[in-house]
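Trainee: I am new to this structure and would be grateful for a close look at a single part of it. Please take the place where two helices pack against each other, and then show what lies around it.

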Amino acid sequence: MATPIVEVNHVTMRFNLAKEKTDTIKEYCLKLMRGQLHFDEFFALKNVSFSIQPGEAVALIGKNGSGKSTMLKVIAGVMYPSKGQVTVRGSIAPLIELGAGFDMDLTARENIYLNGAVMGMDRAFMNQHFDEIVEFSELQEFVDVPVKNYSSGMISRLGFAIATVVRADILVVDEILAVGDFKFQEKCKAKMRELLEGGTTLLFVSHNGDQVKELCSRAIWLNHGVVMEDGPADVVYDKYAAMMEQS
């Protein structure tokens, strides 16, 4: 078996939630210095372990608050785990939050080059692929409009077009297909299938069972930060859906 492209070893993510409400930063800092702040521990992930092989398409499923997005952020390096270790062997194109990585005061044109630079691409590469990005995102008429004036669907399209033109080793997608019309969703799925055929690894979060089964061969079901099931996407999703119907 090949060396995993992603290894998650006994990862725990703990957050401290303040019990008392503070109205200002000054009040918070004063209470903190005086030892008057008390916290509740919240575990978003609890001793999670799994590995992903190069070229696999893996879905993370579970109800809201189950730890899916936190897991993606840990893998993408946006967050560091409280315990455990994540090893990633390859470049990542993360599509985790709408507008993440965008300067909302800049135009789409400016954000294309900004995002390219953040992902390590030089201006010559972005010049070469600029028209491809604009055409895929279908934003020809709005390319010089500040992104803050875009709808969520337009932001989603731009982010997806930039992330997929770079051809990273790992594509991390969190609910990106929940935004936008059916035609563009189908366009995104076709693009992801193309990337998978080219050897890209996909980490996919969605509440849509049809999308999970269509795009992914494997699913990992998280519940309250714990891995409940890890196996074939259709089998695991059906078990998750049955549990949701009973709750």
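Mentor: Please bear in mind that this is a predicted model. The part to examine is the contact of helix α4, residues 123-137, with helix α6, residues 182-197. Two packed helices are described by the angle between their axes and the distance between the axes. Here the axes of α4 and α6 come within 11 Å and cross at roughly 135°. Angles over 145 degrees would count as roughly antiparallel and 65 to 115 as roughly perpendicular, so α4 is oblique to α6.

On the α4 side, the contact is made by Glu132, Glu135, Phe136 and Ser137. Helix α6 contributes Phe184, Lys187, Cys188 and Lys191. By character, the residues of this contact divide into three nonpolar, one polar and four charged.

Two of these residues deserve further attention, namely Phe136 of α4 and Phe184 of α6. Their ring centres are 5.7 Å apart and their planes stand at 70°. Because planes over 60 degrees apart count as edge-to-face, the pair Phe136 and Phe184 is given that description. The pair links distant parts of the chain, since Phe136 and Phe184 are 48 residues apart. Both Phe136 and Phe184 are buried. Ring pairs also bring in Phe160, which forms a cluster with Phe136 and Phe184.

A search of the whole structure finds five aromatic pairs. Another of them joins Tyr237 and Tyr240, with ring centres 5.6 Å apart and planes at 70°, so this pair is edge-to-face as well. Tyr237 and Tyr240 both lie in helix α8, residues 233-246, and are three residues apart, about one turn of the helix. An α-helix has 3.6 residues a turn, so residues three or four places apart point the same way. Tyr237 has a relative accessible area of 11% and is buried; Tyr240, at 6% relative accessibility, also counts as buried.

Helix α4 has a further role in the packing around helix α3, residues 108-118. In α3, the residues Ala108, Asn111, Ile112, Tyr113, Asn115 and Gly116 are buried. What covers them includes α4 and α5, the latter spanning 152-165. Just after α3, Gly120 takes a positive phi of about 90°.

In short, α4 meets α6 at an oblique angle, the contact includes the buried pair Phe136 and Phe184, and α4 is also among the elements that cover the buried residues of α3.

Key
Residues are numbered from 1 along each chain as its sequence is written. This is a predicted model: local features need pLDDT of at least 70, side-chain atom pairs count only at pLDDT 80 or more; totals for chains, interfaces and linings use all residues. Side-chain values use heavy atoms; hydrogens and water are left out. Axes are lines fitted to C-alpha atoms, for helices over the stretch in contact, and angles run from 0 to 180 degrees between N-to-C directions. Helices (H or I, at least four residues) and strands (E, at least two) are DSSP runs, numbered from the N terminus. Angles under 35 degrees count as roughly parallel, over 145 as roughly antiparallel, 65 to 115 as roughly perpendicular and the rest as oblique. Contact means heavy atoms within 4.5 Å. Ala, Val, Leu, Ile, Met, Phe, Trp, Tyr, Cys and Pro count as nonpolar, Asp, Glu, Lys and Arg as charged, and the others, Gly among them, as polar. Buried means under 20% relative accessible area, exposed over 50%, partly exposed in between (1.4 Å probe, protein chains only). Rings of Phe, Tyr and Trp (its six-membered ring) pair if their centres lie within 6.5 Å; planes under 30 degrees apart count as stacked, over 60 as edge-to-face and the rest as tilted.
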